[in-house]
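Q: Could you walk me through this structure and explain the reasoning behind each label you use?

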Amino acid sequence: MTAKISAIQNNLIKAACAWATNSGFNPRQAQELRHQLFLLNHRHYMDCIPFYRRIADREGCGQDIDLETIKTRLMLPTDFFKSYKQRWLDNSEYREMNAWISNIFHKPVDVDVKGVKSIDAWIERLEKKDIRITYSSGTSGTFSFVPRDKNEWELTKKANIAYITPLLATRLIGQNPSDNFLNALDILMPLSRLLKMFGAKLLSGYDLAVLGFASGRMGNQFLISECAPLFNTSYFLYNFDISGSALRCLRRGARTDDEVQTVELLREKMITRRKQNYLELIANMENSTGKGQKVLIFGAPYQFKELCEVLTEKNRSLFFKDMSIAIIGGGWKTFTGEAIDRQEMANKISSFLNIPQNMILEGYSMTETSVLTLRCPYGRFHIPPIIEPVIFDDALNPLEGDDIKGAFGFMDALATSHPGFIISSDYVHMVNSGCECRLAGPAILEIGRLPGAEVKGCGGIMGSFSA
């Protein structure tokens with residue numbers, strides 16, 4: 001069964017590339033592949049993941065069920081990624097955390113945790129056994145830990161490259177990548193060679209500016225780590241690693257002198273030095289422009305807002321070289337809850353950074369999913385065919401239709417390490433109709449958070465400082 005799952009996954013990755021390049025994409029065939037895979041994944045979860053098996057048993061679901069049964073009875077809220085007991089982290093009981101991961105992971109986790117006293121040390125021990133953990137943390141301080149094995153980790157990165165590369169190429173060079181790209185997918189070229197071959201072509205002449213941390217495991221931080229070497233130079237607003245232990249004691253409260261010192265150091269770096277951090281980033285970006293380099297700048301909306309506020313205060317603008325890019329990711333509110341207008345922010349980025357609006361991109365993703373979606377020039381986040389969206393009403397009943405609003409759920413074709421039938425805390429407006437950008441299939445017009453859902457990511461960290 002594993003070989004069959006892998007073969008369908010690779011066919012879906014090639015379908016996603018065809019979707020992005022408008023070259024022979026067959027939506028019905030992609031749907032058939034997904035549905036076949038989801039039923040195989042269900043059986044895999046039943047065989048290998050204790051948590052999922054218990055849910056299925058409770059619901060009276062066996063190995064042989066249909067897709068509608070999965071959608072109505074086996075979709076899981078993201079809370080299961082934080083279903084451990086907080087005292088296990090409080091008391092450094094990482095054997096208990098191993099047992100908990102074993103419950104939601106498709107393999108038993110028996111990693112030596114002797115002497116482990118922090119989240120980060122625990123995650124490093126897991127990585128030595130090819131178990132990769134990413135996490136998200138909001139203002140509650142309760143982490144969601146999402147485990148993936150090495151194969152899924154590599155497959156996820158390759159899938160994103162397969163369809164994001166042609167979408168970016170259309171913006172950067174005005175055309176899709178050459179046939180060599182499709183051929184590379186056909187022969188399943190190793191990820192490292194694929195990145196080098198096409199990243200070097202697309203990103204030649206670019207420096208990377210990140211309105212975030214230099215390294216860490218929060219959210220999709222790994223994308224920055226993977227992509228940074230493709231640029232001539234990379235620099236960061238926060239030029240340090242953000243540790244899980246520091247984030248947790250920041251929000252839940254420091255209990256020891258060492259934790260107090262950790263929180264105060266983080267506060268010093270992020271709050272006291274806030275303006276200085278932006279000024280140093282601005283100086284780096286000016287240096288890139290002076291050397292003739294284009295800049296790709298990535299950050300959350302509120303961080304772009306703060307950057308523009310600093311530039312306004314200093315009466316400065318940055319004249320980025322033509323073909324520079326801004327990529328925005330995250331919620332359109334500040335950490336204090338103030339709404340940020342998308343068009344107003346795009347106007348400011350164009351004005352202060354000399355980036356035309358067609359080169360201002362926006363991405364949507366979450367720790368719990370394998371894919372990043374990009375907003376097209378016509379305002380739609382087009383969902384690649386690797387994911388099947390399922391929208392739910394207030395009673396968590398799946399909705400049908402080509403223009404619907406509700407809680408965003410998804411079935412993730414690449415998720416084999418953990419259950420991939422997920423209901424998120426996001427509220428979306430989704431349509432399924434033709435778009436002028438020519439991308440087929442469902443797309444999201446608006447994204448918000450369900451009532452009571454906490455702020456996550458950098459916004460959640462900043463909210464913790466102000467709490």
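Q: Which residues line the largest cavity?
A: Happy to start there, with the note that this is a predicted model. The lining consists of Tyr364, Ser365, Met366, Thr369, Val371, Thr373, Phe381, Ile383, Ile387, Phe408, Phe410 and Ile444. The largest cavity has a volume of about 90 Å³, and a search of the whole structure finds five cavities of 30 Å³ or more.

Q: What makes the lining of the largest cavity nonpolar, polar or charged, class by class?
A: Tyr, Met, Val, Phe and Ile count as nonpolar, whereas Ser and Thr fall in the polar class. On that basis the lining has nine nonpolar and three polar residues, and no charged ones.

Q: How much space lies in the second largest pocket, and which residues lie nearest its centre?
A: The space in the second largest pocket comes to about 620 Å³. Its lining has 25 residues, and Gln31, Arg34, Glu388, Asn432 and Pro442 lie nearest the centre. Two elements each give two or more residues to this lining: helix H2 (27-48) and strand E11 (387-392). E11 provides the largest share, five residues. By class, the lining of the second largest pocket divides into 16 nonpolar, four polar and five charged residues.

Q: Why is H14 called roughly perpendicular to H15?
A: Helix H14 (residues 274-290) and helix H15 (residues 301-313) pack at an angle of about 85°, and their axes are 10 Å apart. Angles of 65 to 115 degrees count as roughly perpendicular, so H14 earns that description relative to H15. At the contact, Arg274, Lys275, Tyr278, Leu279, Ile282 and Met285 in H14 meet Gln303, Glu306, Leu307, Val310, Leu311 and Glu313 in H15. These contact residues divide into seven nonpolar, one polar and four charged.

Q: What makes H12 roughly perpendicular to H13?
A: Here helix H12 (residues 244-252) and helix H13 (residues 257-272) pack at about 95°, with axes 9 Å apart. The 65 to 115 degree range applies again, so H12 is roughly perpendicular to H13. Ala246, Cys249 and Leu250 in H12 meet Glu259, Thr262, Val263 and Leu266 in H13. The contact of H12 with H13 has five nonpolar residues, one polar and one charged.

Q: Why are H3 and H6 called oblique to each other?
A: The axes of helix H3 (residues 50-58) and helix H6 (residues 94-104) cross at roughly 55° and come within 4 Å. Roughly parallel needs an angle under 35 degrees, roughly perpendicular needs 65 to 115, and roughly antiparallel needs one over 145. The crossing of H3 and H6 therefore counts as oblique. Pro50, Phe51 and Arg54 in H3 meet Ser102, Asn103 and Ile104 in H6, and the residues of this contact divide into three nonpolar, two polar and one charged.

Q: How do you know that the reach of H1 is close to the expected one?
A: Helix H1 (residues 2-21) has 20 residues. The expected span is 1.5 Å times one less than the number of residues, which gives 28 Å for H1. From its first C-alpha to its last, H1 reaches 29 Å, close to that value.

Q: What phi does Asn22 take just after H1?
A: Asn22 has a positive phi of about 55°.

Terms used
Residues numbered from 1 in each chain as written. Predicted model: local features only at pLDDT ≥ 70, side-chain atom pairs only at ≥ 80, totals over all residues. Heavy atoms only, no water. 1 Å grid on protein atoms, 1.4 Å probe; cavity = no way out; pocket = protein on both sides within 12 Å on 5 of 7 lines; lining within 4 Å. Points joined across faces, edges and corners; volume = space filled by probe spheres on them. Axes fitted to C-alpha atoms, helices over the stretch in contact; angles between N-to-C directions. Contact = heavy atoms within 4.5 Å.
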